[in-house]
Amino acid sequence: MTLSRRKTLALIGGGTILAATAAVGYDITRVPNAAVAPWGQAGQYADPRLRALSWAILAPNPHNRQPWMVDVSLPDTAILYVDPDRLLPQTDPFNRQITVGLGCFLEILRMAALEDGLAVTFDLFPNGSDAAGLDGRPVAICHFSPTEAAPDPLFALVPHRRSNKEPYDTARPVPTDALQRIAHAPMHFPMGFTNDMARVEQMRDQSLRALRVEFATERTLRESVDLFRIGHREVNANPDGIDFSGPMFESLRMTGLFSREASMDVEGFVGQQADAAFAENMLSAMAHLWQVTPDNSRETQIRAGQDWVRINLAATAEGLGLQPLSQALQEFPEMAALYDEVHGDLAPDGGTVQMWARVGYGPEVGESPRWPLEEKIVG
């Protein structure tokens, strides 16, 4: 099982595997323990706001950038900001995906607070927002107050949620009733889904074509490659981004077969191996699900994120793997034709496809949290 990580929340203010020598063997088998620490620290704070925030940092977010900063200087309040250094300007030029990730954060915060008998209400973008991009203004003011409302049953799945980025079992169909149960999880917008194999095969093809567009575009590929964390040392040093840890990647790194520059050569060894691996993933989808919203406002993007993490948690409850397929929904020019194609299929009556994922049964692997809470607290 691949371990990955989550950085702590900054609170404002405050193929060939070579034989290895013994020393090399030590490096190859190390686990990024510092990077996975936030999983064990969740809920271990006296202040109920910090307890809730320590769960919220386990939220899914694009490229595991963990773009949140929080001000807790006011009582019974937490103010969420975006970290401008953790945006994805090439693949997410309008910060739509980042905003959806912030919505995931807020929903887990809300569920975690309920465990302590606290309701959280959100004043979204109280100083306004810009459709062109996020800025230094608050994303949400979170108000904590006592409540007798029952806890949310999905919260128990938070420690077990992953984005499963491995091939799925193509011998196991995804039952319709499981998809129907997942479709009850969102609170704001309906969820679409299909397990019809003719349509699934069409969407497999679209997802793979979109990924190849992103990889064939130098600047969008570079954005991802710059976020590669290769080996446990890099993962611990920078516990965000895209995790490549474990014996195989440690060996490839140490023999020089896997590096960032090698990854930029789409025709080279690393590029061809990556394409084959991604193709295996995309073509193993056994169902797809998606979200369409009537508009694309910042507030709607936040609510889509709240729904998305609930969908992910509900899929976890069903024992299903789920991986977001973000590429065809990205708003950079080279993706425009596929963006329009997917929107024509999934939103024929208009609206914005906020999220799309492949679904299936597979091994429990994926990203996990990293970075301690204190690092992102202000005040």
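**Exercise 1. Asp135 and its partner**

Task: Classify Asp135 as buried or exposed, or in between, in this predicted model, then do the like for Arg137.

Solution.
Step 1. Asp135 has a relative accessibility of 32%. Buried requires under 20%, and exposed requires over 50%. Asp135 therefore counts as partly exposed.
Step 2. Arg137 stands at 29% relative accessibility, so Arg137 is partly exposed too.
Step 3. The two side chains meet in a salt bridge, with 2.7 Å from N to O.

**Exercise 2. Salt bridges and a network**

Task: State how many salt bridges the model holds, and find which residues a network of shared partners joins.

Solution.
Step 1. The count comes to 16 salt bridges.
Step 2. Take the pair Arg310 and Glu107, whose side chains meet at 3.0 Å, N to O. Arg310 lies in helix H12 (residues 298–317) and Glu107 in helix H4. They are 203 residues apart, and the pair links distant parts of the chain.
Step 3. Check burial. Arg310 has 8% relative accessibility and counts as buried. Glu107 is at 0%, and is buried as well.
Step 4. Follow the shared partners. Salt bridges join Glu107, Arg110, Asp152 and Arg310 into one network.

**Exercise 3. Arg49 and Asp47**

Task: Decide for each member of the Arg49–Asp47 salt bridge whether it is buried or partly exposed.

Solution.
Step 1. The side chains meet at 2.9 Å, N to O.
Step 2. Arg49 has a relative accessible area of 11%, so it is buried.
Step 3. Asp47 has a relative accessible area of 25%, so it is partly exposed.

**Exercise 4. A buried aspartate**

Task: Locate Asp92, and work out what its side chain reaches.

Solution.
Step 1. Asp92 sits in the loop between strand E3 (77–82) and helix H4 (96–115).
Step 2. Asp92 is buried and has no salt bridge. The nearest side chain of opposite charge belongs to Arg96, 5.3 Å away. The cut-off for a salt bridge is 4 Å, so a pair at that distance does not qualify.
Step 3. Look for a backbone partner. The Asp92 side chain reaches the backbone nitrogen of Gln97 at 3.0 Å.
Step 4. List the contacts. Leaving out residues up to four places away in sequence, Asp92 touches Gln97, Ile98 and Glu331.

**Exercise 5. The four-stranded sheet**

Task: Give the strand order of the open sheet of four strands, and say which strands stand at the edges.

Solution.
Step 1. The order is E6-E9-E11-E10, with antiparallel pairing.
Step 2. The edges are strand E6 (191–194) and strand E10 (321–324). Each has a single partner strand, so one side of each lacks a neighbour in the sheet.
Step 3. Neighbouring strands of this sheet are turned against each other by 25° on average, direction ignored.

**Exercise 6. Strand E11 and its partners**

Task: Find how many bridges join E11 to E10 and to E9, and say why E11 is largely enclosed.

Solution.
Step 1. Strands of a sheet pair through backbone hydrogen bonds.
Step 2. E10 and strand E11 (residues 352–360) run antiparallel and are joined by four bridges. Gly321 stands opposite Gly360 of E11. Leu322 stands opposite Val359, also in E11.
Step 3. Strand E9 (residues 287–293) pairs with E11 over seven bridges, again in the antiparallel sense. Trp290 has Trp356 in E11 as its bridge partner.
Step 4. Nine of the nine residues of E11 are buried, so the rest of the structure largely encloses this strand.

Terms used
Residues are numbered from 1 along each chain as its sequence is written. This is a predicted model: local features need pLDDT of at least 70, side-chain atom pairs count only at pLDDT 80 or more; totals for chains, interfaces and linings use all residues. Side-chain values use heavy atoms; hydrogens and water are left out. Helices (H or I, at least four residues) and strands (E, at least two) are DSSP runs, numbered from the N terminus. Buried means under 20% relative accessible area, exposed over 50%, partly exposed in between (1.4 Å probe, protein chains only). Lys and Arg count as positive and Asp and Glu as negative; His and the chain ends are not counted. A polar contact is a pair of N or O atoms within 3.5 Å; within protein, one must be able to donate a hydrogen and the other to accept it, and residues adjacent in sequence count only if both atoms are side-chain atoms. Contact means heavy atoms within 4.5 Å. Two strands pair if DSSP finds at least two bridges between them. Axes are lines fitted to C-alpha atoms, for helices over the stretch in contact, and angles run from 0 to 180 degrees between N-to-C directions.
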